[in-house]
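This briefing describes how the strands and helices of one chain are arranged. Please read it alongside the sequence and the 3D view.

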Amino acid sequence: MSEFIVGVTGGVASGKSEVTRRFEALGVPVADADIAARTAVEPGSDGLAEVVATFGADVLAHDGSLDRAAMRRHVFGDDTARRRLEAIIHPRVRANLRAACEAASWPYAIAAIPLLAEGGGREAYPWLSRILVVDVPVDVQRARVMARDRVDAELAQRMIAAQATRDQRLAIADDVIVNDGPVELLVSHVAALDRRYRALAGTHA
């Protein structure tokens, strides 16, 4: 059982997925919020049943799964609808992440939560022992988004602006990896944090 849980977050194209992969390479269990969100509304789940009861059967695809494009149309530009959807999914995601992390047979576990700052931060996730923010300067972030998604600077900036600001993420951080260099540097950063978390988990226990 892992009672020491580290939340990992970062903005779009910050490299947070690469960071969690480096932790996984060291054997650290990682629970992913994106996977938990899909599980929350998989066919047959009570989450999907609640979504259908709230938004109607037209959000279902022919195979009975959630039609994500149809769901996006329901909530696009409608803050009330978006909040109703989030009220269904987010509590299930948080419970799923916590259960997965606490069940891990390792000194500590990681919860990868891309929208941690946007989703309520520490108040929404009081069971996180620490928060690690993968940080990157906005100009580097914008260049990475443009290269990765093949979009222009204006769209890349809008994608960045749709998320929490860099300062908002750093405000909730216990630890920070500044990921503006080559990927190889992450190895030493993650190794150092792994040693720290193992020590802290031992103290926590």
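The points below cover the sheet, the helices against the sheet, and one helix pair. The model is predicted. Its sheet is open and has five strands, and helices H2 and H5 are described against that sheet.

**Sheet**
- The strand order is S2-S3-S1-S4-S5, with parallel pairing.
- Strand S2 (30-32) and strand S5 (175-178) are the edge strands, each pairing on one side only.
- From one strand to the next, the twist averages 25°.
- Strand S1 (residues 4-10) runs parallel to strand S4 (residues 130-135), and five bridges join the two.
- Thr9 has Val133 in S4 as its bridge partner.
- In general, the strands of a sheet pair through backbone hydrogen bonds, either parallel or antiparallel.

**Helices on the sheet**
- Helix H2 (residues 33-40) lies across S2 and strand S3 (108-112), and runs at about 50° to S2.
- Helix H5 (residues 79-102) packs on the sheet and touches S1, S2 and S3.
- The direction of H5 makes about 165° with that of S2.

**Helix pair H7 and H8**
- Helix H7 (residues 138-149) packs with helix H8 (residues 153-161) at an angle of about 115°, and their axes are 9 Å apart.
- Their crossing is right-handed.
- H7 makes the contact through Val138, Gln141, Arg142, Val145, Met146, Arg148 and Asp149.
- H8 contributes Ala153, Ala156, Gln157, Met159 and Ile160.
- By class, the contact of H7 with H8 holds seven nonpolar, two polar and three charged residues.

Methods: Residues are numbered from 1 along each chain as its sequence is written. This is a predicted model: local features need pLDDT of at least 70, side-chain atom pairs count only at pLDDT 80 or more; totals for chains, interfaces and linings use all residues. Side-chain values use heavy atoms; hydrogens and water are left out. Two strands pair if DSSP finds at least two bridges between them. Helices (H or I, at least four residues) and strands (E, at least two) are DSSP runs, numbered from the N terminus. Axes are lines fitted to C-alpha atoms, for helices over the stretch in contact, and angles run from 0 to 180 degrees between N-to-C directions. Contact means heavy atoms within 4.5 Å. A crossing is left-handed if the near helix is turned anticlockwise from the far one by less than a right angle, and right-handed if clockwise. Ala, Val, Leu, Ile, Met, Phe, Trp, Tyr, Cys and Pro count as nonpolar, Asp, Glu, Lys and Arg as charged, and the others, Gly among them, as polar.
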